[in-house]
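Trainee: Hello! Could you walk me through this model and show me how to read its features?

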Amino acid sequence: MSDAPIAFIDLAAQRARIGAAIDEGLLRVAHHGQYILGPEVKTLEADLAAFCGAKDCITVSNGTVALAMPLMAKGIRPGDAVFCPSFTFAATAEVVAWLGAVPVFVDVLPDTFNMDPASLEQGIAKAKADGLKPKCVISVDLFGQPADYDAIEPIVAKHGLWLMSDAAQSFGGSHLARKVGTIGHVTATSFFPSKPLGCYGDGGAIFTDDAEMAALLRSLRVHGQGTDKYDNVRIGVNGRLDTMQAAVLIEKLKILGDEVVARDAVAKRYSEHLKDTVPVPSILPGFVSAWAQYTVLVPAEARAAIITVMKAEGIPTMVYYPKPLHLQTAYRHFPLAGNGLPVSERLANEVLSLPMHPYLDEATQDRVVDTFRRALKAAA
Ligand SMILES: *Cc1c(COP(=O)(O)O)cnc(C)c1O
């Protein structure tokens, strides 16, 4: 068997499939010259909304801004509490702190790695006890699987909060009958190149069925402009998606559904061959993961050795995330739900993500699986 290094995410394989169409789109933009909010941006927004069934889609410059703008639209401010998991990428909590509000960290479930509804309840109680005003929940669809919204939404409703779904990793997935993009008051996603739907640079989008929210987001995206371009009616940002990126995404979106099916087949086959050795990803019945990552749990004390052995055999692995947010320097002074977040802390020591993309052929999957099994045995 070859030990040539393989790709963790193989964007070149995707280019072999649709590269010509993407390049044509990029050239078209170069020629028409409408680099900012050109026709491709409008087309993409309509295509994205149609893909998931949301009423409105507002494309933006990256996934972090996609998370921040709805908080701005809702007037999140100092004294407000926004609940989010600690086991996530920093952007989820960062945007809350931007506005001077307080991110309250909530624990995740040990099997799905998504927000623990019981911990959310504890977080809300903690915020109230600290004199904060509970306002918003940001759930994260970690590694591509939607959070358990049927359990989260009643808690959001009971406390009069609103829900934003951080779907940076899950666009293309679904929660029973609902597609990602239609869950919660607003959904934010990212088109960072390594996400399930990635562009050739930075990009993001916001989805909502709330027409008033959509209008506010379109204004915020261009410095809070009103009907008169030079009479700004609110404080906004420069949050526009480049027309070039829209041209790339128009082509990639056409094959996203097919790519999610291919990722799912890789994941199922990985799990089939690994489930007797380690805990494999647990996908809830009726949920579809977009498989941003395929993540197993390994014994904490064996992880470094497994990574080293696999790397030597040309198999890249990643640790998402080695440190939960509540243990990071910039975030450790924010409040926590309950008595600490033990699941987030344990997962940070045990997670290991294997190569995952839609173009992983069976021979390469077998190589990943065989190398992992040998590395695990050697490290145990
Ligand atoms: C990638 C990511 C973001 C941020 O997206 P950018 O486009 O990189 O700004 C936010 N939340 C999560 C969970 C992510 O994975």
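Trainee: Which of the residues around the ligand come nearest?

Mentor: First, a word on the source: this is a predicted model, where local features need pLDDT of at least 70, side-chain atom pairs count only at pLDDT 80 or more, and totals for chains, interfaces and linings use all residues. Residues are numbered from 1 along each chain as its sequence is written, and side-chain values use heavy atoms, with hydrogens and water left out. A residue is near a molecule if one of its heavy atoms lies within 4 Å of it. Here 15 residues surround the ligand, and Gly63, Thr64, Gln169, Ser190 and Lys195 come nearest.

Trainee: Which polar side-chain atoms lie 2.7 Å from an oxygen atom of the ligand?

Mentor: A polar contact is a pair of N or O atoms within 3.5 Å; within protein, one must be able to donate a hydrogen and the other to accept it, and residues adjacent in sequence count only if both atoms are side-chain atoms. Glutamine 169 places a polar side-chain atom 2.7 Å from a ligand oxygen, and serine 190 does so at 2.7 Å too. For a ligand nitrogen, look at aspartate 166, with a polar side-chain atom 2.8 Å away.

Trainee: How much of the ligand does the protein bury?

Mentor: Accessible areas come from the Shrake-Rupley method with a 1.4 Å probe; for residues, only the protein chains shown count as cover. Taken alone, this ligand exposes 380 Å², and the protein buries 93% of that.

Trainee: Which elements give two or more residues to the shell around the ligand?

Mentor: Helices (H or I, at least four residues) and strands (E, at least two) are DSSP runs, numbered from the N terminus. The shell draws two or more residues from α3 (63-73) and from α4 (91-98). Helix α3 has the largest share, three residues.

Trainee: Where is lysine 275, and what does its side chain contact?

Mentor: Find lysine 275 in the loop between α8 (243-274) and β10 (287-288). Its side chain makes a polar contact of 2.9 Å with that of glutamate 272. Lysine 275 is also 31 Å from isoleucine 183, C-alpha to C-alpha, and the two are 92 residues apart in sequence.

Trainee: What should I know about the backbone?

Mentor: Most residues other than glycine have a negative phi, and most peptide bonds are trans. Leucine 37 has a positive phi of about 50° although it is not a glycine; look for leucine 37 in the loop between α1 (11-32) and α2 (39-52).

Trainee: Is the peptide bond from tyrosine 320 to tyrosine 321 cis or trans?

Mentor: That bond is cis, with omega near 5°. Tyrosine 321 belongs to the loop between α9 (303-312) and α10 (342-350).
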